[in-house]
Amino acid sequence: MAEINLDKIYASFLIRLEECNSNDDLIELNKDFLAKDSVLSIERKKLPDLNDKNRKEYGAKLKKLNDNIESELNKKKNELLQKKYIEMEEKDITDISINWFSKEGSNKHVITSVMNEVVDIFSSIGYTVAHGPEAETSWHNFDALNTPDWHPARYESDTLYLDNKLDNLLRTQTSTVQVRYMSENKPPVYIVAPGRVYRSDQLDSTHSPVFHQIEGLAVDDAITFSDLKGTLEYFVKEFFGNNVKTKFIPHFFPFTEPSAEVLVSWKDGDWLEILGCGMVDPNVFKKVKYKKGTQGFAFGVGVERLAMLRYNIDHIKNFYDNDLRFLRQF
Ligand code: DAH
């Protein structure tokens, strides 16, 4: 079998990567090395003609090369983004003190406007608004949401606890409002709960330790997964327009079964997850003392991500810097 030298391909990829100065350069590199008609895809087409042993071995080598190239491209993409922001900040020598006597008036922060807009879309189909506290008990944030104390999600989600006993915390998700609302109200339930949530996450272009979510919950007679899908498709189209491309893929959340994630197509062919959802797990209904056989669906939307997609914003930190040149655009 005439194998080409994959090490040489990787080496020439690295040389080209070194020379990349923009996203366009990266897209070009992706085209040459990973996309249709690239070196790798041509080699992959040879696999069916090989015998079992060679196919397995060569296939694994190609996969490894593919993964390495993909991960280097992502690393470079983040580096370029980081560089862009550092350069912008260094160049920025304007006086940032505000003219307090300006008569410009005020407008809402883009995050507030997006939250209001989402709430309006759901209000128009019969949902009301509910709220819950940001400082929560671990019971509302985890136990009642079918996430017992041995569950890895309690630690993986890098919770910011408020005491050494791990009984109180800054809520990691607005799903807590499901529990609070159902504990006080009988079905039918149609609510959305906008609010701030906290995680000890490292800041990168799409993650921040403080961000916003909108929780949704519908509990009524014979609610099914089709109702969930129909409702969320309606929401996504109302928010992004009819031409938006979405993917609905299976996922896992402790408090829903089955669960799914909705992704929306983003820049450079990437997909960005905007919400998690699913049919409420019977264990959650049990915790809030709803009767056996109750059915409902729930979802949690990331507000910053909606705004980033809608306005083509490439770094989440823009929302919190309070740079008026950014804020005035909305
Ligand atoms: N609470 C989840 C999170 O923060 C999001 C979520 C997923 C909410 C599924 C839901 C749901 O209500 O059904 O990642």
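This passage describes a sheet, the helices that lie across it, and the largest pocket in a predicted model.

The sheet is open and contains 7 strands. Their order is β1-β4-β5-β9-β8-β7-β6, and the pairing is mixed. The two edges are held by β1 (residues 128–129) and β6 (residues 246–253). Each of these strands has a single partner, so one side of each is left without a neighbour in the sheet.

At one edge, β1 pairs with β4, which spans residues 189–198. The two strands run parallel and are joined by 2 bridges. Val129 has Val192 in β4 as its bridge partner.

At the other edge, β6 pairs with β7. These strands run antiparallel, with 7 bridges between them. They form a hairpin, and 2 residues separate the two strands. Within this pairing, Ile249 is matched with Glu261 of β7. On from there, β7 also pairs with β8, again in the antiparallel sense. This second pairing has 8 bridges. Here Ala260 has Cys277 in β8 as its bridge partner. Strand β7 is mostly covered, with 7 of its 10 residues buried.

Two helices can be placed against the sheet. Helix α5, residues 110–123, lies across β1, β4, β5 (210–219) and β9 (296–302). Its direction makes an angle of about 165° with β4. Helix α8, residues 176–184, lies across β4, β5 and β9. The angle between α8 and β5 is about 40°.

The model was also searched for empty space. Such space is revealed by rolling a probe the size of a water molecule over the atoms. The largest pocket has a volume of about 930 Å³. Its lining is made up of 41 residues. Of these, Gln173, Arg199, Gln213, Phe253 and Glu273 lie nearest the centre of the pocket. Several strands and helices give two or more residues to the lining. The strands are β5, β6, β7 (256–265), β8 (271–280) and β9. The helices are α7 (153–156) and α11 (303–311). Strand β8 gives the most, with 6 residues. By class, the lining has 16 nonpolar, 16 polar and 9 charged residues.

The sheet and the pocket therefore share elements, since β5, β6, β7, β8 and β9 are strands of the sheet that give two or more residues to the pocket lining.

Note on methods:
Residues numbered from 1 in each chain as written. Predicted model: local features only at pLDDT ≥ 70, side-chain atom pairs only at ≥ 80, totals over all residues. Heavy atoms only, no water. Pairing = 2+ DSSP bridges. Helix = DSSP H or I, 4+ residues; strand = E, 2+ residues; numbered from the N terminus. Contact = heavy atoms within 4.5 Å. Axes fitted to C-alpha atoms, helices over the stretch in contact; angles between N-to-C directions. 1 Å grid on protein atoms, 1.4 Å probe; cavity = no way out; pocket = protein on both sides within 12 Å on 5 of 7 lines; lining within 4 Å. Points joined across faces, edges and corners; volume = space filled by probe spheres on them. Nonpolar A, V, L, I, M, F, W, Y, C, P; charged D, E, K, R; others polar. Buried < 20%, exposed > 50% of the residue type's maximum accessible area, 1.4 Å probe, protein only.
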